[in-house]
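This report describes a protein model and the ligands placed in it. Please look over the sequence and the structure first; the text then goes through the ligand surroundings, the annotated domains and some points of the backbone.

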Amino acid sequence: MDLKVGVIGTGAIGIEHIKRINEKVQGAFVTAVSDINIEQAKNLASEIDAVFFEKGEELIASSDVDIVVVTSWDPTHEKYVLEAIKHKKYVFCEKPLATDSAGCKRIVDAEIAAGKKLVQVGFMRRYDRGYIELKQAIETKTFGEPLLLHCAHRNPTADKNYLTPMAIINTGIHEIDALRWLLQEDYVSAQMILPKQTSYTHEKLHDPQILILETTSGIHIDLEIFVNCQFGYDIKCDVVCETGEIGLEDPAYTHMKAKGKNYTKISPDWQTRFVEAYDYEFELWIRSIQAGEFAGPTAWDGYVAAVTMDACGKARETGEKTNIQLEACPALYK
Ligand code: NAI
Ligand code: NAD
Ligand code: ISE
């Protein structure tokens, strides 16, 4: 039987995920939507023949909904995930799981009390072919031990609602999770550098920002987060090992030779850059629920990322290197 999916948050990524579930993924279809933007969500509901719920909580409780997708704004994630756990429904939550580690911990505790893994976090870099190949090369020690990682996360533009802390909470969180997964090591410290700013930013956003992380074995990571770079959506991850370097290529399917130049396209946005990763992420999420073998990024991964996120906030405020300490991983997540 196909799974009935309820989606809370019908903005940019909510609409993308709805299309993905209805048009690409096998075994599930969207039966219900909810959004505080009532007009837009009602129109969408009638287009896809789904039920509109004014409140996310009503959608979660509905018998028209087996599993839940949360794609509303970051500060709303925690309450919807807790509600889904209360109803013992599987829930896919876009990153961040909550906007701080205390919120993520409440989710972890609720899941442990429910006695079952129900939450998957939208850390879709783990499903990207480039990152998967990097991980294989690191695990098989193709070029010896990894020593240094040079990374960048660039967006063409950010709007006026995008504020300084979001460089980590909304953007750098992808690398915070993906690099820990890639290296299979936790972080021990975080440092933030606030360099000269672009004139394309606004007064409530320091842009760009640099994050420096150190892992348990001493691997050094530097990450540039630059969300008004103007030229495109650009993701870099170069891993320097003892005898070689391995790094991400920009996916490019065509090039253009004209006017004495050879051009390759740059992705304009996350939708195009990671489309295959999102598709694969949802295919495996639905399949894992059907098989009863949950395998995606867990609430614990969301919590660990948020502990690092909090340390970054402190490091930005103090200008100092901030230690990161994690408690032992609970049995449910081992
Ligand atoms: P958006 O602003 O386009 O959409 C958010 C939607 O949530 C809006 O339609 C808004 O009306 C709705 N919303 C806000 N509060 C709500 C509430 N309390 N109840 C119901 N609906 C509510 O934002 P976007 O870009 O779609 O991002 C949504 C989420 O997805 C964010 O958490 C973001 O971090 C995440 N995201 C993840 C990406 C990824 O690569 N995994 C890419 C883009 C976004
Ligand atoms: P968006 O602003 O386009 O959409 C958010 C939607 O949530 C809006 O339609 C808004 O009306 C709705 N909303 C806000 N509060 C709500 C509430 N309380 N109840 C129901 N709906 C509510 O944002 P987006 O770009 O679609 O991002 C949504 C989420 O997806 C964010 O958490 C973001 O971090 C995440 N995201 C992840 C990726 C990724 O690469 N994994 C990419 C984009 C967005
Ligand atoms: C957005 O929410 C995403 O998750 C994108 O992947 C990221 O590149 C962007 O900075 C975020 O705003």
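Around ligand 2, the helices H1, H4 and H7 each contribute at least two residues to the shell. The model is a predicted one, and every value below is computed from it.

**Ligand 2**

The shell of ligand 2 holds 24 residues, of which Asp35, Trp73, Asp74, Lys95 and Tyr278 come nearest. Sorted by class, these residues are 9 nonpolar, 11 polar and 4 charged. Ligand 2 takes up the space of the largest pocket.

Several polar contacts involve oxygen atoms of ligand 2. A polar atom in the side chain of Asp74 is 2.5 Å from one of the ligand's oxygen atoms. Ala12 takes part through its backbone: an N or O atom there lies 2.8 Å from an oxygen atom of ligand 2. For Asn170, a polar side-chain atom is 3.2 Å from an oxygen atom of ligand 2. On its own, ligand 2 would expose 830 Å², and 86% of that is buried by the protein.

**Ligand 1**

Which helices supply at least two residues each to the shell around ligand 1? They are helix H1 (12-23), helix H4 (77-86) and helix H7 (166-183). In total, 24 residues surround ligand 1, and the closest are Asp35, Trp73, Asp74, Tyr80 and Tyr278. The class count for this shell is 9 nonpolar, 11 polar and 4 charged residues. Ligand 1 sits in the largest pocket.

Tyr278, listed among the closest residues, has a polar side-chain atom 2.4 Å from an oxygen atom of ligand 1. His77 places a polar side-chain atom 2.9 Å from an oxygen atom of this ligand. In Asn170, a side-chain N or O atom is 3.1 Å from an oxygen atom of ligand 1. The protein buries 86% of the 830 Å² that ligand 1 exposes when taken alone.

**Ligand 3**

The residues around ligand 3 are Lys95, His153, Asn155, Asn170, Thr171, His174, Tyr233 and Trp270. Helix H7 provides the largest share of this shell, with 3 residues. By class, the shell has 2 nonpolar, 5 polar and 1 charged residue. The largest pocket is the space that ligand 3 takes.

Three side chains make polar contacts with oxygen atoms of ligand 3. The contact of Lys95 has a distance of 2.6 Å. A polar side-chain atom of His153 is 2.6 Å from an oxygen atom of the ligand. The side chain of Tyr233 has an N or O atom 2.6 Å from an oxygen atom of ligand 3. Alone, ligand 3 has 300 Å² of accessible area, of which the protein covers 83%.

**Annotated domains**

UniProt lists two domain features for this chain, both from an unreviewed entry. The table gives their spans with the computed content of helix and strand.

| UniProt domain | Residues | Helix | Strand | Distance between end C-alpha atoms |
|---|---|---|---|---|
| Gfo/Idh/MocA-like oxidoreductase N-terminal | 3-123 | 44% | 21% | 22 Å |
| Gfo/Idh/MocA-like oxidoreductase C-terminal | 135-321 | 34% | 26% | 27 Å |

**Backbone points**

Where in the chain does Pro96 lie? Pro96 is in the loop between strand E5 (91-93) and helix H5 (101-114). The peptide bond that joins Lys95 and Pro96 is cis, with omega about -10 degrees. Lys95 is also one of the residues around ligand 3, and it is listed among those nearest to ligand 2.

A cis peptide bond is also found from Asp207 to Pro208, where omega is near 0 degrees. Pro208 belongs to the loop between strand E8 (187-193) and strand E9 (209-215).

Lys88 is not a glycine, yet its phi is positive, at about 55 degrees. Lys88 is located in the loop between H4 and E5. Helix H4 is also one of the helices that supply residues to the shell around ligand 1.

How values were computed: Residues numbered from 1 in each chain as written. Chains lettered and ligands numbered in written order. Predicted model: local features only at pLDDT ≥ 70, side-chain atom pairs only at ≥ 80, totals over all residues. Heavy atoms only, no water. Near = heavy atom within 4 Å. Polar contact = N/O pair within 3.5 Å; in protein donor to acceptor, adjacent residues only side chain to side chain. Areas by Shrake-Rupley, 256 points an atom, 1.4 Å probe, with all protein chains shown as cover. 1 Å grid on protein atoms, 1.4 Å probe; cavity = no way out; pocket = protein on both sides within 12 Å on 5 of 7 lines; lining within 4 Å. Sits in = over half its atoms within 2 Å of the grid points. Helix = DSSP H or I, 4+ residues; strand = E, 2+ residues; numbered from the N terminus. Nonpolar A, V, L, I, M, F, W, Y, C, P; charged D, E, K, R; others polar. UniProt positions renumbered as here; feature names shortened; annotations may be inferred.
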